[in-house]
Amino acid sequence: MTLERGQRVRVSARRHEGHHRTPAYVKGKTGRIERVHASFTNPETRAYGSDGLPLQPLYLVGFAQRDLWPGRGGTADDQVYVDVFEHWLEPTE
Amino acid sequence: MSGHDHDHPHAPITNGDEPPAAARVRALEELLVEKDAISREDVRSRIDWLVSRTSADGARLVARAWVDPPFKQRLLADARAAALELGLDAGPSPVVVALENTEAVHHMVVCTLCSCYPKALLGPPPDWYKSLPYRSRAVSDPRGVLTEFGTELDDDVELRVVDSTADVRYLVVPRRPNGSEGMTEDELAALVTRDSMIGVAQPASPAPTLT
Amino acid sequence: MGQPALLAYDRRVERGVHDRGGQPTDEPIDLAEHELADWEVLTDALVSALSRRGLMNVDELRRGIESMPRSEYEQASYYERWLFSMEAVLTEKGVLTAGELDARLGE
């Protein structure tokens with residue numbers, strides 16, 4: 001587990017062939033670590049017959065609505081939180 | 001199936017016309033049993049489990065949290081452990097997180113990628129939760145979605161939408177309604193609707209008492 | 001704090017048929033609910049039973065659903081998607097042979 005609560009992170013915008021659980025609407029977006037979860041099996045490999053090991057660290061990442069949907073209305077403080085695996089996150093500042 | 005919240009009108013129950021999928025899945029079951037790929041006991045026990053699930057267990061967790069502040073802290077720290085503490089079935093998910101609504105913060109849960117939902121504690125998810133428009137708009141227009149549910153939030157309340165994209169399951173702990181002081185835990189649990197634990201609605205209000 | 005590099009990196013991100021967050025839609029949210037039909041509960045239970053035997057896991061179930069052509073995905077009901085996935089994944093693994101289920105239905 002190398003990322004910490006409060007740390008600013010960017011979600012990778014890379015192309016991924018096949019099953020993965022990082023939604024398109026957060027790819028390339030910047031947020032903050034809200035929770036450090038435990039590690040879990042990797043769905044990207046487990047979806048194709050592997051045991052999903054080694055376990056991958058998972059984080060709840062918070063994004064400001066205004067950063068996800070520029071130009072849409074809504075209160076400035078609203079947030080969206082998404083569970084993202086560490087291998088999709090890049091520390092940023 | 002029993003104990004289900006009547007938050008919204010039901011579509012008419014159609015016993016007659018089943019889609020082609022119905023016959024197909026029954027034939028699939030027969031084939032898989034013949035090949036010994038599945039056991040009928042496993043099928044039966046899962047069916048029994050599914051039909052036993054309602055939002056009553058989730059409501060018990062919330063009601064206990066409302067009356068027992070140290071329990072609430074344990075619930076917020078680890079909802080799975082808190083459920084087990086009350087002798088409840090927390091389900092197969094290894095991590096369950098309770099999200100507390102306050103005067104300043106309101107949570108709403110979605111699974112944009114499929115339909116992840118704390119079934120053990122809330123029962124099966126409603127059709128709308130699994131629907132394409134909810135999955136798309138809960139993250140991009142949550143206040144609009146809340147308005148469709150008849151729920152209004154003040155502008156100074158921070159709305160936090162949580163998208164369950166992994167193995168963690170989320171349950172909202174709604175705010176205890178005004179006028180519920182002195183109610184028993186069972187009476188409080190009856191106010192905790194399924195929709196308030198998803199975060200699209202507030203819990204029910206206590207019936208006014210006659211003086 | 002401005003991040004001009006990120007704003008310039010505004011490329012269209014591809015998404016799977018299942019990846020619905022933020023997809024523009026005019027469809028209202030239908031609040032009507034239905035009790036799960038017997039066949040739907042059975043579909044759920046079959047996936048669970050296959051999982052108990054190590055023949056299919058939830059990630060494979062999702063991957064199978066995500067392989068549906070877009071129009072089929074969008075027209076299918078929730079458990080119809082599960083059924084599609086079971087057939088696809090089990091056939092891929094050789095638990096089912098292609099056409100076997102159709103043949104059984106034809107009998």
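What is the mean pLDDT of chain B, and what share of its residues reach 70 or more? In this predicted model, the mean pLDDT of chain B (the predictor's confidence in each residue, from 0 to 100) is 93, and 91% of its residues reach 70 or more. Local features need pLDDT of at least 70 and side-chain atom pairs count only at pLDDT 80 or more, while totals for chains, interfaces and linings use all residues. Residues are numbered from 1 along each chain as its sequence is written, and chains are lettered from A in the order in which they are written.

**Low-confidence stretches of chain B**
- Over residues 1-7 of chain B the pLDDT is below 50, and this stretch has 16 contacts beyond near neighbours in sequence, a contact being two residues whose C-beta atoms, placed from the backbone, lie within 7 Å.
- Residues 9-15 of chain B also have pLDDT under 50, with eight contacts beyond four places in sequence.
- Where pLDDT is low, the predicted coordinates should not be read in detail.

**Layout of chain B**
- Chain B is divided into domain 1 (20-52) and domain 2 (56-198), with bounds that come from an automatic or database domain assignment, and 31 Å separate the centres of these domains, taken over C-alpha atoms.
- Along the principal axes, the C-alpha atoms of chain B fill a box of roughly 60 × 40 × 35 Å.
- Among contacts in chain B between residues at least 6 apart in sequence, 69% join residues at least 24 apart.

**Chains C and A**
- In the model, 15 residues of chain C are in contact with 13 residues of chain A.
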